[in-house]
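Colleague: I'm new to this structure, so please take me slowly through its aromatic rings, and then carry on to the cysteines.

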Amino acid sequence: MDKEKNVTEFIFTGLWGSRHIELIFFFLFLLCYLAVLAGNSVIMLTVTHSRLVEQPMYYFLCHLSLMDLCYTSTVVPRLIRDLAASRKSISFDSCMTQLFTAHLLAGVEIFILVSMALDRYVAIVKPLHYLTIMSRRRCNALLGAAWAVGFWHSLALLLMVLDLPFCGPNQINHYICDVKPLLKLVCKDIRVVSILVIANSGMVVVVIFLVLVASYVAILYNLRTRSSAGRLKALSTCTSHIMVVVLFFVPCIYTYVLPAGTENRDKEISVFYTVVAPMLNPLIYTLRNREMKVAMRRVCSRLCHSELK
């Protein structure tokens, strides 16, 4: 067994081979990470300190911002450190921890997006029953289900990887510990495991994405009967959701549907759902949302007044 698992650490190749490019992107990703922290913190502060927290859509948005903040924090700080380091190493245990945590938080985020789509569907298709269906108790149940599904998904991946023999080499062609680049280092036939990974991650992401697309098509179809003002307001909200869904799901589908042995641009594409999407989500939800902008001004004004006193 020791011979099968003699790898105690992994070495990341990183995003780029050039030190000059890596130093430029060190500052770029540092700014992006600060933007993720600031943007998502502002959304959480605004929602929790205003009456928006009573509305299911903003209640889910607050949890989505928390997941964005936590998910990015499992990946980007190490990426920033490695961009400035000459040797990009990670211990075996830390690698497994990052794999589990990243997939747990990403899984929770995916099902929060599903819950947000359900909320918009009920609000537009069944408006008279909205408050009954999307009660706070049901919202909490949906969040609990998201955590449960995310946990079992990430646990299944972790146990699958821990059962594999890593006997060298130990160089990961990526900047994070993810299941596909790790499979390329396994010293046995990975065809069956690769299929299981596609079933666990790739096909699940595709199915959920298709369900979300179908729900938004149904929402847009039902908007035909609304007044022009109501239609514009609903379209503005749904457009924000659709943009976030596309930003997150399309890169995930590209990354996890293809088999582990194929040569592709996984590590470059993964930047979209590890850095770009969490950074843009606060902008998408605030710039196109009048309620959020009004609430942000009120909360800011209240905090400024309390400090002056």
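Modeller: Happy to. With rings of Phe, Tyr and Trp (its six-membered ring) paired when their centres lie within 6.5 Å, there are 11 aromatic pairs. One of them is made by Tyr59 and Phe60, whose centres are 6.4 Å apart and whose planes meet at 50°, a tilted arrangement (under 30 degrees is stacked, over 60 edge-to-face, the rest tilted). Tyr59 is buried, and Phe60 is buried as well (under 20% relative accessible area, with over 50% exposed and the range between partly exposed; 1.4 Å probe, protein chains only).

Please keep in mind that this is a predicted model, in which local features need pLDDT of at least 70, side-chain atom pairs need pLDDT 80 or more, and totals for chains, interfaces and linings use all residues. Residues are numbered from 1 along each chain as its sequence is written, and side-chain values use heavy atoms, leaving out hydrogens and water.

Let's move to another pair, Phe248 with Tyr273. Their rings are edge-to-face, at 6.3 Å from centre to centre and 65° between the planes. Here the pair links distant parts of the chain, as Phe248 belongs to helix α8 (residues 228–257) and Tyr273 to helix α10 (residues 271–287), 25 residues apart (helices are DSSP runs of H or I, at least four residues, strands runs of E, at least two, numbered from the N terminus). Phe248 and Tyr273 are both buried. They also have company: together with Phe209 and Phe249, Phe248 and Tyr273 make up one aromatic cluster.

Now for the cysteines. The structure holds one disulfide (two cysteine sulfur atoms within 2.5 Å), and its partners are Cys95 and Cys177, with 1.9 Å from S to S. The angle about the S-S bond is -120°, making the link between Cys95 and Cys177 left-handed. This pair, too, links distant parts of the chain: Cys95 sits in helix α3, while Cys177 sits in the loop between β3 (171–172) and α6 (179–183), and their positions lie 82 residues apart in numbering. Cys95 and Cys177 are both buried.

Cys70, by contrast, takes part in no disulfide, and the nearest cysteine sulfur, belonging to Cys62, is 11 Å away. Cys70 counts as partly exposed because its relative accessibility is 27%. Cys139 is in no disulfide either; for Cys139 the nearest cysteine sulfur is that of Cys62, 12 Å away. With a relative accessibility of 0%, Cys139 therefore counts as buried.
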